[in-house]
Amino acid sequence: MAVCTSPVLTTSITTIPHLARPYLPGPRTLAVVARGDHPMRTPFYGVLLIAGAMVGATVAQAQAPLWLQVVVYVVAVPAALVGFVLTLRDYGR
């Protein structure tokens, strides 16, 4: 925990990792999120997996030969399921 020496904020700065924005009710505290530790990064990766699976399956259905469609579908279904798990997982601790 670091102590702020600013005349405006004279209370300590507390790290609150589960909040994306500063937590301000009560004593003035500020959420400090380290670079690469943003709490919404995992759901974003899940959304990218879902979108990639949908786009890949759509393109394969429209333009690919049958053997490639099967391969894309076999990869797209697990990718979409992992994406749903990453997107909808519970962050309550």
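Q: Rings of Phe, Tyr and Trp, the last by its six-membered ring, pair if their centres lie within 6.5 Å. By this rule, what does the count of aromatic pairs come to?
A: This is a predicted model. In it the rule yields 1 aromatic pair. The partners are phenylalanine 44 and tyrosine 45, with ring centres 6.4 Å apart.

Q: Is that pair of phenylalanine 44 and tyrosine 45 stacked, edge-to-face or tilted?
A: Planes under 30 degrees apart count as stacked and over 60 as edge-to-face, with the rest tilted. The planes of phenylalanine 44 and tyrosine 45 stand at 45 degrees, so this pair is tilted.

Q: How should I class the accessibility of phenylalanine 44 and tyrosine 45?
A: Under 20% relative accessible area is buried, over 50% is exposed, and in between is partly exposed. Phenylalanine 44 has 49% relative accessibility and therefore counts as partly exposed. Tyrosine 45, at 44%, is also partly exposed.

Q: In what order do the elements of the chain run from the N terminus on?
A: The order is β-β-α-α. That corresponds to 2 strands and 2 helices in the chain.

Q: Which helix holds glutamine 69, and is this residue buried or exposed?
A: Glutamine 69 belongs to helix α2, which spans residues 66-88. Its relative accessible area is 15%, so glutamine 69 is buried.

Q: What does the side chain of glutamine 69 have a polar atom 2.9 Å from?
A: The partner is the backbone oxygen of alanine 64. Setting aside residues up to four places away in sequence, glutamine 69 touches Ala60, Gln61 and Ala64.

Q: Where does leucine 68 lie, and how is its relative accessible area classed?
A: Leucine 68 is likewise in helix α2. Its relative accessible area is 31%, so leucine 68 is partly exposed.

Q: Which residues form a nonpolar patch on the surface?
A: Leu68 is one of the members, together with Trp67, Val71 and Val75. The accessible area of these residues together is about 400 Å².

Q: How much area does the chain expose, and what do carbon and sulfur atoms supply?
A: For the chain, the exposed area is about 7200 Å², of which carbon and sulfur atoms supply 70%. As for burial, 17% of the 93 residues in the chain are buried.

Q: Among contacts between residues at least 6 apart in sequence, what share join residues at least 24 apart?
A: In this chain the share is 32%.

Technical notes:
Residues are numbered from 1 along each chain as its sequence is written. This is a predicted model: local features need pLDDT of at least 70, side-chain atom pairs count only at pLDDT 80 or more; totals for chains, interfaces and linings use all residues. Side-chain values use heavy atoms; hydrogens and water are left out. Helices (H or I, at least four residues) and strands (E, at least two) are DSSP runs, numbered from the N terminus. Buried means under 20% relative accessible area, exposed over 50%, partly exposed in between (1.4 Å probe, protein chains only). A polar contact is a pair of N or O atoms within 3.5 Å; within protein, one must be able to donate a hydrogen and the other to accept it, and residues adjacent in sequence count only if both atoms are side-chain atoms. Contact means heavy atoms within 4.5 Å. Patches are made of residues with over 30% relative accessible area and no salt bridge: like charges are joined within 9 Å, nonpolar side chains (Val, Leu, Ile, Met, Phe, Trp, Tyr) within 5 Å. Accessible areas come from the Shrake-Rupley method with a 1.4 Å probe; for residues, only the protein chains shown count as cover. A salt bridge is a side-chain nitrogen of Lys or Arg within 4 Å of a carboxyl oxygen of Asp or Glu.
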